[in-house]
Amino acid sequence: GNIVATTVETSDKKVRITSNTTAVETGRYRVTGTNKGKPFEESGRYTTTWVWKDLRWQAIADHNSIVTK
């Protein structure tokens, strides 16, 4: 409950298929909103690992790092 995101944007998205059942997605993100009522903005990069299971893509690992200006 303390963080309220008002915008979430992704860019520079790339997906690499590594096999018939796995893929790795990388990109940039930007989030704005409030934290305990105070405005914040955060930008960074992310990596998500996906697997094809039960007839759908499922994220099995995710990581993000804040990029300072």
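The exercises below, each with a worked solution, concern a predicted model.

**Exercise 1. The sheet and its edges**

Determine the strand order of the open sheet and the sense of its pairing, and explain why β1 and β4 each have one side without a neighbour in the sheet.

Solution. Begin with the order, which in this open sheet of 4 strands reads β1-β2-β3-β4, the pairing being antiparallel. Strands β1 (3-17) and β4 (56-66) stand at the edges and each has a single partner strand, so one side of each is left without a neighbour in the sheet. From one strand to the next, the twist averages 25 degrees. As background to the pairing, strands of a sheet pair through backbone hydrogen bonds, either parallel or antiparallel.

**Exercise 2. The pairing of β1 with β2**

Work out how many bridges pair β1 with strand β2, and which residues of β2 are the partners of A5 and E9.

Solution. Take the pair as a whole at the outset: β1 and β2 (residues 22-35) run in the antiparallel sense and are paired over 12 bridges. The connection between β1 and β2 is a hairpin through 4 residues. Next, place individual residues across the pair: G33 in β2 stands opposite A5, and R30, also in β2, is the bridge partner of E9. The residue R30 returns in Exercise 5, where a salt bridge joins R30 to E41.

**Exercise 3. The surroundings of T32**

Decide whether T32 is buried or exposed, and identify the side chain with which the side chain of T32 makes a polar contact.

Solution. Locate the residue to begin with: T32 belongs to strand β2. Its relative accessibility is 13%, and because buried means under 20%, T32 counts as buried. The side chain of T32 is joined to that of T7 by a polar contact of 2.4 Å. If residues up to four places away in sequence are not counted, T32 touches V4, A5, T6, T7, F40 and E41. Thus T7, the polar partner of T32, also appears among the residues that T32 touches.

**Exercise 4. Positive phi outside glycine**

Find where K36 and D54 lie, and state whether K36 and D54 are buried or exposed.

Solution. The general expectation comes before the two cases: most residues other than glycine have a negative phi. K36 is not a glycine, yet has a positive phi of about 55 degrees, and is located in the loop between β2 and β3 (38-53). With a relative accessible area of 64%, K36 is exposed. D54, likewise not a glycine, has a positive phi of about 55 degrees, and lies in the loop between β3 and β4. The relative accessible area of D54 is 59%, and D54 is exposed.

**Exercise 5. Salt bridges across strands**

State how many salt bridges the structure holds, and trace those that involve D12 and R30.

Solution. The general idea is that side chains of opposite charge can pair when their charged atoms come close. The structure holds 5 salt bridges. One of D12's partners is K14, with the closest N and O atoms 3.1 Å apart; D12 is partly exposed at a relative accessible area of 38%, as is K14 at 42%. The side chain of D12 also meets that of R45 in a salt bridge of 3.6 Å, N to O. This pair links distant parts of the chain, with R45 in strand β3 and D12 in strand β1, 33 residues apart. R45 counts as partly exposed, at 33% relative accessibility.

Turn next to R30, which forms a salt bridge with E41, the closest N and O atoms being 3.3 Å apart. Here too distant parts of the chain are linked, R30 being in strand β2 and E41 in strand β3, 11 residues apart. R30 has a relative accessible area of 29% and is partly exposed, while E41 counts as partly exposed at 45% relative accessibility. Finally, a network of salt bridges links E9, R30 and E41.

**Exercise 6. The aromatic pair**

Classify the arrangement of the rings of W52 and W57.

Solution. The count comes to 1 aromatic pair. The rings of W52 and W57 have centres 5.5 Å apart and planes at 65 degrees, and since planes over 60 degrees apart count as edge-to-face, the pair is edge-to-face. W52 is partly exposed, with a relative accessible area of 38%, and W57 counts as partly exposed at 37% relative accessibility.

Notes
Residues are numbered from 1 along each chain as its sequence is written. This is a predicted model: local features need pLDDT of at least 70, side-chain atom pairs count only at pLDDT 80 or more; totals for chains, interfaces and linings use all residues. Side-chain values use heavy atoms; hydrogens and water are left out. Two strands pair if DSSP finds at least two bridges between them. Helices (H or I, at least four residues) and strands (E, at least two) are DSSP runs, numbered from the N terminus. Axes are lines fitted to C-alpha atoms, for helices over the stretch in contact, and angles run from 0 to 180 degrees between N-to-C directions. Buried means under 20% relative accessible area, exposed over 50%, partly exposed in between (1.4 Å probe, protein chains only). A polar contact is a pair of N or O atoms within 3.5 Å; within protein, one must be able to donate a hydrogen and the other to accept it, and residues adjacent in sequence count only if both atoms are side-chain atoms. Contact means heavy atoms within 4.5 Å. Rings of Phe, Tyr and Trp (its six-membered ring) pair if their centres lie within 6.5 Å; planes under 30 degrees apart count as stacked, over 60 as edge-to-face and the rest as tilted. A salt bridge is a side-chain nitrogen of Lys or Arg within 4 Å of a carboxyl oxygen of Asp or Glu.
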